[in-house]
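Hi,

Here is the structure I promised to pass on to you. My notes on it follow just below, so have it open while you read.

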Amino acid sequence: MASRATIAIVGGGLMGHGIAQVFARSGHTVHVHDPVQAILATLHERIRRNLTDLGQDTAAAERVTAHDALASAVHDAAVVFEAGPENLALKQKIFAAIEAAAPRNAILASNTSVIPITQIMSALRYGERALGTHWWNPPYLVPLVEVIRTPLTATSTVDSMTALLQNAGKTPVTVDKDVPGFVGNRLQHALWREAIALVAEGVCDATTVDTVVKSSFGRRLTVLGPLENADLVGTDLTLAIHETILADLDRTPGASPYLRGLVASGRLGMKSGEGFRRWSPEQQAAVRLRLLEHLKSLDHQGI
Ligand SMILES: NC(=O)c1ccc[n+]([C@@H]2O[C@H](COP(=O)([O-])OP(=O)(O)OC[C@H]3O[C@@H](n4cnc5c(N)ncnc54)[C@H](O)[C@@H]3O)[C@@H](O)[C@H]2O)c1
């Protein structure tokens, strides 16, 4: 693949515009397709605002073009990233349209959060050039991209995608088995399941759960992964802890009834003003700002 290959993004929402920004910043021509006019109309403005906020040159936004027809966005692309809604049937439909319009050798990638890539790509004629690329929000600040292979994905496809992402400054990792949620979301939601169970069982309130994480092991996580940590304390101590604790952790084989209750009662989190806890508009703004500033500071430190 040419080092400045043309990139197409299908879906220009939260993730799509951020992925477009990453490639435009590293010198690629980027075509973005979205069926919603308002999304296309604000595409450049959203990218420019991000670049300005990061103190970066906004000229990169000029390498991005907006397309209301999918075929015009993908027809000359070397790589197509799909960032449409998280819906299997819709993603399958989008990939049928992409395969019909993109070059035969284009690499096709889905940014699904948790849907197995094999299912999304099941009807493709040429599955060897298809894989998953799971980015994290915001794509221009969070380094990781999980590159997920299906049983059909060619090793050369994984290698080309990995090189492309590395050249764009990202941290790609390969996921060898296409399991729901891949690696990052499985780990994240294993933690969330226990967090919700602690509140549901009355062990502590939601604020306490968050304080415990942020003020203890959360502090270590950017420099010490869980398995590095297990090696640090010793696998023997890890085993002793697991012998006592694992049988007691939540193993509900579905979404928590407590969580279902929140949703059923309209407590949808910040967007409704209350979820696990209440949120004033000022508190919401403070959380969002604190998160962005934190991610920016890690980015400046090269973490
Ligand atoms: N938001 C996150 O933190 C995050 C992180 C990683 C992965 N993802 C995944 O990335 C994908 C996009 O998520 P998002 O948060 O950007 O959602 P979003 O709603 O902001 O963007 C989705 C975009 O897809 C467009 N769209 C709708 N129908 C389409 C079609 N037929 N063809 C092309 N585009 C269409 C919508 O107009 C919208 O602009 C989802 O699969 C999501 O699960 C999201």
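Ala106 sits in the loop that runs between helix H4 (88-101) and strand E5 (107-110). Please keep in mind that this is a predicted model. With a relative accessible area of 1%, Ala106 is buried, because buried means under 20%. Setting aside neighbours within four places in sequence, Ala106 has contacts with Ala77, Ala78 and Arg129. Val80 is 26 residues away from Ala106 in sequence, and the C-alpha to C-alpha separation of the two is 7.0 Å.

Pro151 belongs to another loop, the one between strand E7 (144-148) and helix H6 (155-167). Is Pro151 buried or exposed? Its relative accessibility is 73%, so Pro151 counts as exposed, the cut-off being over 50%. Between Pro151 and Val199 there are 40 Å in space, C-alpha to C-alpha, and the two are 48 residues apart in sequence.

Two backbone details deserve a look. As background, most residues other than glycine have a negative phi, and most peptide bonds are trans. Here, Asn137 and Pro138 are joined by a cis peptide bond, with omega at about -5°. Pro138 is found in the loop between strand E6 (130-135) and E7. The other detail is Phe182, which is not a glycine yet has a positive phi of about 55°. Phe182 is placed in the loop between strand E8 (171-175) and helix H7 (184-200), and this residue is buried, with a relative accessible area of 1%.

Next, a pair of helices. The axes of H1 (residues 14-25) and H2 (residues 37-53) cross at roughly 65° and come within 10 Å. This crossing of H1 and H2 is right-handed. On the H1 side, the contact is made by His17, Ala20, Gln21 and Arg25, while H2 brings in Leu43, Arg46, Ile47, Asn50 and Leu51. Sorted by class, the contact of H1 with H2 has 4 nonpolar, 3 polar and 2 charged residues.

Last, a pocket that may interest you. The second largest pocket has a volume of about 300 Å³. Its lining consists of 15 residues, of which Tyr140, Ala168, Gly169, Lys170 and Asp299 are the closest to the centre. Which element gives the largest share of the lining of this second largest pocket? That is helix H1, with 3 residues. By class, the lining of the second largest pocket has 7 nonpolar, 5 polar and 3 charged residues.

Happy to talk it through whenever suits you.

Best wishes

How values were computed: Residues numbered from 1 in each chain as written. Predicted model: local features only at pLDDT ≥ 70, side-chain atom pairs only at ≥ 80, totals over all residues. Heavy atoms only, no water. 1 Å grid on protein atoms, 1.4 Å probe; cavity = no way out; pocket = protein on both sides within 12 Å on 5 of 7 lines; lining within 4 Å. Points joined across faces, edges and corners; volume = space filled by probe spheres on them. Helix = DSSP H or I, 4+ residues; strand = E, 2+ residues; numbered from the N terminus. Nonpolar A, V, L, I, M, F, W, Y, C, P; charged D, E, K, R; others polar. Axes fitted to C-alpha atoms, helices over the stretch in contact; angles between N-to-C directions. Left-handed = near helix turned anticlockwise from the far one by under 90°. Contact = heavy atoms within 4.5 Å. Buried < 20%, exposed > 50% of the residue type's maximum accessible area, 1.4 Å probe, protein only.
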